[in-house]
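Me: I should like a close look at one part of this structure, namely a group of paired strands and what surrounds them. Please explain in one connected account how these pieces are arranged.

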Amino acid sequence: MISEEQFKEEITLIIANAIREDVGDGDHSSLACIPESATGKAKLLVKDEGIIAGVDFAELVFYFVDPSLKIEVLIKDGSPVSHGDIVFYVEGSSQSILKAERLVLNAMQRMSAIATKTNMFVNLLKGTGTKILDTRKTTPGIRALEKWAVKIGGGENHRFALYDMIMLKDNHIDFAGGITKAIDKTKKYLKETGRDLKIIVEARDLEEIKEILESEGVYRILIDNFNYEDTREAVKLIGNTCLTESSGGINEKTIREYAECGVDFISSGALTHSVYNLDLSLKAV
């Protein structure tokens with residue numbers, strides 16, 4: 001994953017762009033009927049059940065819109081919530097609260113859905129030693145939020161983007177002329193460019209596992225779309241040579257059995273691309 005400083009920059013860019021997109025030259029609905037001097041208070045109301053996520057992000061949004069707004073947090077990120085819970089109160093300029101409202105709700109509803117799904121997978125993996133990973137199958141423009149939500153839900157982040165890790169998948173291997181050529185070219189490229197990036201290589205069958213193991217310097221092998229029996233055999237072949245990761249359509253019904261094959265990680269795009277927003281509202285009080 002990227003550095004903490006880079007991550008913060010991503011979040012700032014997301015907020016600035018979202019406010020630009022939503023507010024434009026002004027929130028004319030509020031400007032038309034609410035005096036600039038008016039103050040008010042609102043609560044973040046939960047109308048669903050799950051894991052709340054995005055509270056810290058909401059604070060950043062409110063501060064970006066109006067540093068004078070005051071937030072009283074009652075329930076922190078990563079906590080279970082149910083219908084009727086109040087997560088926080090925000091108080092100050094009524095115009096400012098309304099300007100930030102939609103971004104806060106859109107982000108928190110999606111982040112909470114992702115955290116909730118991630119937490120379900122984490123619970124299914126308890127006792128196995130296997131960790132759940134996200135992927136790059138995220139919503140364009142808000143990847144940092146979605147990966148943040150995975151962490152809040154108890155999961156682990158995979159690479160953030162194309163630039164912070166090498167991942168040689170089937171198309172890279174085929175275009176490069178094979179596994180060994182792809183790995184050799186990658187190591188040469190890293191040496192020539194002075195980059196220190198971890199290398200993950202995808203395997204499509206046991207023979208490819210064996211070929212990958214002939215090369216040194218591979219950080220993790222991606223055991224992609226293997227059945228249970230072949231996954232167990234792959235883990236046995238790899239041993240302690242490098243880390244292992246299973247992927248390929250793994251869901252809540254199959255994740256436990258794949259974990260029990262002994263893999264270190266299971267990656268799932270469904271954490272971020274197949275969720276239903278948690279129902280939340282921001283209500284004036």
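Reply: Arg220 has Leu243, in strand 10, as its bridge partner. This is a predicted model, and the pairing described here is computed from it. Arg220 belongs to strand 9, which covers residues 220-224 and pairs with strand 10 in the parallel sense over five bridges. Between these two strands in the unit comes helix 9, residues 228-238; strand 9, helix 9 and strand 10 together make a right-handed β-α-β unit.

Strand 10 spans residues 243-247 and is mostly covered, with four of its five residues buried. Strand 10 also pairs with strand 11, residues 265-267, in the parallel sense, here over two bridges. Within that pairing, Glu245 has Phe265 of strand 11 as its bridge partner.

Ile223 shows how the surroundings come together. Leaving aside neighbours within four places in sequence, Ile223 is in contact with residues including Ala234, Val235 and Ile238. Its contacts also include Thr244, Glu245, Ser246 and Ser247, and among the others are Ala203, Ile209 and Val263.

Ile223 has a further role in the picture: the largest nonpolar core has 81 residues, and Ile223 is one of those with the most contacts inside it, as are Ile221 and Ile266. Helix 4, residues 94-124, gives the most to this core, with 12 residues. The core draws at least three residues from each of domain 1 (4-117 + 275-284) and domain 2 (123-267).

Definitions and conventions
Residues numbered from 1 in each chain as written. Predicted model: local features only at pLDDT ≥ 70, side-chain atom pairs only at ≥ 80, totals over all residues. Heavy atoms only, no water. Core = buried A, V, L, I, M, F, W, Y, C linked by side-chain atoms within 4.5 Å. Buried < 20%, exposed > 50% of the residue type's maximum accessible area, 1.4 Å probe, protein only. Domains from an automatic or database assignment. Contact = heavy atoms within 4.5 Å. Pairing = 2+ DSSP bridges. Right-handed = clockwise from strand over helix to strand, strands pointing away.
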